[in-house]
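Here is a walk through one protein model, taken piece by piece. Keep the structure open as you read.

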Amino acid sequence: MKAIQYTTIGAEPEVTEIEKPSPGPGEVLLKVTAAGVCHSDDFIMNLPEDQYVYGLPLTLGHEGAGTVVEVGAGVSGIDIGTNVVVYGPWGCGTCWHCSRGEENYCSRASELGITPPGLGSPGALAEYMIVDSPRHLVPIGDLDPVATVPLTDAGLTPYHAIKRSLHKLRGGSTAVVIGTGGLGHVAIQLLRHLSPARVVALDVNDEKLQFAREVGAHEAVLSDKSAVENVRAITGSEGAALVLDFVGYQPTIDIAMGVAGVASDVTIVGIGDFIAHAKVGFGQSPYEAAVTSPYWGSRSELIELIDLAHQGVFDIAVERFTLDDGVEAYRRLAAGTLRGRAVIVP
Ligand code: NAD
Ligand code: ZN
Ligand code: ZN
């Protein structure tokens, strides 16, 4: 079968021909119907060899949708032919966090060598993929897999980040979204649906700001040297109640801290360069502002998102690619020219 794999440190991913997998005990085989391309893929492919821990060759793709075509020994409760999306942050299933469905925070995954598809385990950028357990599948019924697959990360990650701060978003408050790409454009829609807050989006050019307005931002502001001043002109002296940074480099973290209000949440989702950081302390950050960096989301949150999708809440912007032109999707992602999410349709 065809796949897109990262094979050589520092090189572009490539289209390869690999053996079709078959499900072992407890596993499920999906015929992939759609797979999303995430900026985190670009991040790991830019890591130097001594920091790269995901194995080579790596079949990419941690956002996956597919149809169940075969199940391994002992698998029950999921029918052949079911259309599903894949919950990506696989955990052990039995630790305290996993027992709550928060497998993204599994305390034993690294000790047990459990890795997400596309980030250690073979991912969704292939004609078929193995899912390690049926509990990592969420049926999507008649939803379009291409428009739905971004919800597994570009939706789930902002959903988790926003839900934990919803109590701070009241009428008259402001939520700031920095970076309106794959994750950011879903974050804007979630904020509009879940809260009464005014949503202010930041990105680097007019086209992206126009896109942010189209998906629901009340205001869109250039992410430049005057950004703090320009956002503060909108929020007034109160500042923002929630800032979501989907970039995570020093300039955006500085903007995030600069627009944050007293007792706000500053939530750094973007991976940036792994060096950038927020300054927290008296005189350096607003009183009681809480800075956090969450990872992905829980199984129950993905189920909730699929329910919201059935209600027609989302207008996910997707640019389609085939496996053959999937490498181009990564070039466009790196160049910052995608509108929403790139989705590969095998
Ligand atoms: P993307 O490339 O689709 O979107 C990034 C957006 O940020 C683009 O619109 C880009 O123009 C904009 N941007 C770049 N520099 C900017 C700046 N200085 N100011 C404002 N906007 C700027 O990326 P994505 O797939 O949405 O991922 C976003 C980030 O989130 C990445 O760093 C990714 O690795 C990370 N991520 C984290 C998690 C997690 O669990 N924490 C999960 C998924 C992705
Ligand atoms: Zn991702
Ligand atoms: Zn666990």
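Six strands of this predicted model make up an open sheet, with parallel pairing and the order 11-10-9-12-13-14. Strand 11 (219–222) and strand 14 (290–292) sit at the edges with a single partner strand each, so one side of each has no neighbour in the sheet. From one strand to the next, the twist averages 15 degrees.

Look at strand 12 and strand 13 next: they run parallel and are joined by five bridges. One pair to pick out is Val 243, whose bridge partner in strand 13 is Val 266. Helix 8 packs on this sheet and touches strand 9, strand 10, strand 11 and strand 12. The direction of helix 8 makes about 160 degrees with that of strand 11.

Then there is helix 9 (residues 250–259), with its buried residues Thr 252, Ile 253, Ile 255, Ala 256, Met 257 and Val 259. What do the buried residues of helix 9 pack against? Their partners are strand 9 (174–178), strand 10 (198–203), helix 8 (227–235), strand 12 (240–245) and strand 13 (260–268).

Strand 13 also holds a backbone oddity. Ala 263 is found in that strand, and its phi is near 60 degrees, a positive value in a residue other than glycine. Phe 274 has a positive phi too, near 75 degrees, but its place is in the loop between strand 13 and strand 14. Is Phe 274 buried or exposed? It counts as exposed, because it has 10 C-beta neighbours inside 10 Å. Ala 263, with 13 other C-beta atoms within 10 Å, is partly exposed.

Now for the overall layout. The protein divides into domain 1 (2–153 + 297–344) and domain 2 (156–292), and their C-alpha centres lie 27 Å apart. Across the boundary, 22 residues of domain 1 are in contact with 13 residues of domain 2. On the domain 1 side, the elements that give two or more residues are helix 1 and helix 10 (299–310). By class, that side has 11 nonpolar, six polar and five charged residues.

Where does ligand 1 lie? Both domain 1 and domain 2 give residues to the shell around ligand 1, so it lies between them. That shell numbers 32 residues, and the closest are His 39, Gly 179, Gly 181, Gly 182 and Ser 223. Helix 1 (39–45), helix 6 (182–194), strand 10 and helix 9 are the elements that give two or more residues to it. As for classes, the shell around ligand 1 has 16 nonpolar, 13 polar and three charged residues.

Back to sheets, this time with a three-stranded one. It is open, in the order 2-1-4, and its pairing is antiparallel. Strand 2 (14–17) and strand 4 (58–59) are at the edges here; each has a single partner strand, so one side of each is left without a neighbour in the sheet. Within the pair of strand 1 and strand 2, Ala 3 has Thr 16 as its bridge partner.

Strand 16 (residues 341–344) is worth a look as well. In a regular strand, side chains alternate between the two faces of the sheet. Both faces of strand 16 are covered: Arg 341 and Val 343 on one side, and Ala 342 and Ile 344 on the other, are all buried. Two of these residues turn up in pairings: Ala 342 is the bridge partner of Val 37, and Val 343 stands opposite Arg 320.

Here are some strand pairings side by side.

| Strands | Sense | Bridges |
|---|---|---|
| Strand 1 (residues 2–6) and strand 2 | antiparallel | four bridges |
| Strand 3 (residues 28–37) and strand 16 | antiparallel | three bridges |
| Strand 15 (residues 318–321) and strand 16 | parallel | four bridges |

Two loop residues round things off. Pro 57 lies in the loop between helix 1 and strand 4, and a cis peptide bond, with omega about -10 degrees, joins Leu 56 to it. Gly 123 has its place in the loop between helix 3 (109–112) and strand 7 (128–131). Why does Gly 123 count as buried? It has 29 C-beta neighbours inside 10 Å, and the cut-off for buried is 20 or more. Leaving aside residues up to four places away in sequence, Gly 123 touches several residues, including Thr 59, Leu 60, His 62 and Met 129. The C-alpha atoms of Gly 123 and Asp 153, 30 residues apart along the chain, are separated by 14 Å.

Terms used:
Residues numbered from 1 in each chain as written. Chains lettered and ligands numbered in written order. Predicted model: local features only at pLDDT ≥ 70, side-chain atom pairs only at ≥ 80, totals over all residues. Pairing = 2+ DSSP bridges. Buried ≥ 20, exposed ≤ 12 C-beta atoms within 10 Å, placed from the backbone. Contact = placed C-beta atoms within 7 Å. Near = placed C-beta within 6 Å. Nonpolar A, V, L, I, M, F, W, Y, C, P; charged D, E, K, R; others polar. Domains from an automatic or database assignment. Axes fitted to C-alpha atoms, helices over the stretch in contact; angles between N-to-C directions.
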